[in-house]
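Work through the exercises below with the structure open beside you. Try each task before you read its solution.

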Amino acid sequence: MTFMLDWTPNTNHVGIYAAQSLGYYKDAGINVNILPTAQAGAETSVENGVADIGFTTLSNVAAFNAQGASLRYVFDLTQKPVARWCSLASRTDIQTPKDFDGKTFVSFGSAEQTAVIRQMIKSAGGNGNFQTATAGTNTFQTLSSGKGDFGGFYVTWENVESKLNGPALNCFVASDWGVPGNPDQLGFAVNSSWLNNTKNQKKLQSFITATIKGYDYALSHPDTAADLLVKQAKEANLDATLAKTSMEDIVKGGYWTGKENGTSLSGKLNVQESQDYLNFQQSAGTYTDASGNKIDKAPQASELSTNSYVDTAASNAHAQQ
């Protein structure tokens, strides 16, 4: 099986690397090849059959399917919001999202992000007007250079990096500022036509069972799992201290389990929270068809996703421990 990352290797992927390193995939009778993210993205790669499974977000699945793709979301890692919208702490003129008004947002040109930022600004009492600048290879550098005023970060990675190495950030959570649901469902998607094959269904079940076991191991052994990630993903040249501190924050914050210091992964998508967010993005006009026209109905989380593989996998994985 082939699994494509969404970004450079980091602790979001630790369960996959742990499962591979500890032989969980081998024990399940599958061979998993972890692929670096392609320029076209994991979603396109899965849709075109370049990868069997891809790391993505539910909202990305909604956006791609609105334009004719046929992706299915089969595993959800994050149970709490992990995105943060931050300025440098040295920017004392930015105290709430209202102060993003008229400023420059460092982004990758995402309509989804634009809708989130605009709502946060309006919720804080602003007008929702801002400019955008293309993010370089490092958002910290883009902000420090003065080419942008605020940007998006992950609390479990870049925010940890900020605390360890600077520069200090001042951050806000979208759900605290008028954005409904959980905007940060990060997980796995497959091609629906690939999933129609019975053999692939069995392989996916084996993969998810072993992967949940890998994530559970990482939650119970965060330092060791961080070491495995650093060792397995040599090409990323990860900083061991960053990886370990990230894992400590993930466990303590309950970002994957929904509760502090939890050691048992859920993996299930909260359909209602997902739908609330999809409805919000639909109202903002984020989702368009292949011709660029806004779609008439919000994508349905219950149709885009399934928890059936996770339900079976979780019971299997936890029973084996």
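Strand 5 (residues 83-88) pairs with strand 9 in the antiparallel sense over 4 bridges. Strands here are DSSP runs of E with at least two residues, helices are runs of H or I with at least four residues, and both are numbered from the N terminus; two strands pair if DSSP finds at least two bridges between them. The model is predicted: local features need pLDDT of at least 70, side-chain atom pairs count only at pLDDT 80 or more, and totals for chains, interfaces and linings use all residues. Residues are numbered from 1 along each chain as its sequence is written, and side-chain values use heavy atoms, with hydrogens and water left out.

**Exercise 1.** Find the residue in strand 9 that stands opposite C86, then place both strands in their sheet.

Solution.
- Step 1: the residue opposite C86 is C171.
- Step 2: the open sheet has 5 strands in the order 7-6-8-5-9, with mixed pairing.
- Step 3: strand 7 (131-134) and strand 9 (169-172) are the edges; each has a single partner strand, so one side of each lacks a neighbour in the sheet.

**Exercise 2.** Which strands does helix 5 lie across?

Solution.
- Step 1: locate helix 5 at residues 111-123.
- Step 2: helix 5 lies across strand 5, strand 6 (104-107), strand 8 (150-154) and strand 9.

**Exercise 3.** Give the strand order of the open sheet that contains strand 10, and the residue opposite L71.

Solution.
- Step 1: the order is 2-1-3-10-4, again with mixed pairing.
- Step 2: strand 4 and strand 10 (residues 186-191) run antiparallel, joined by 5 bridges.
- Step 3: L71 faces N191 in strand 10.

Terms used: Contact means heavy atoms within 4.5 Å. Axes are lines fitted to C-alpha atoms, for helices over the stretch in contact, and angles run from 0 to 180 degrees between N-to-C directions.
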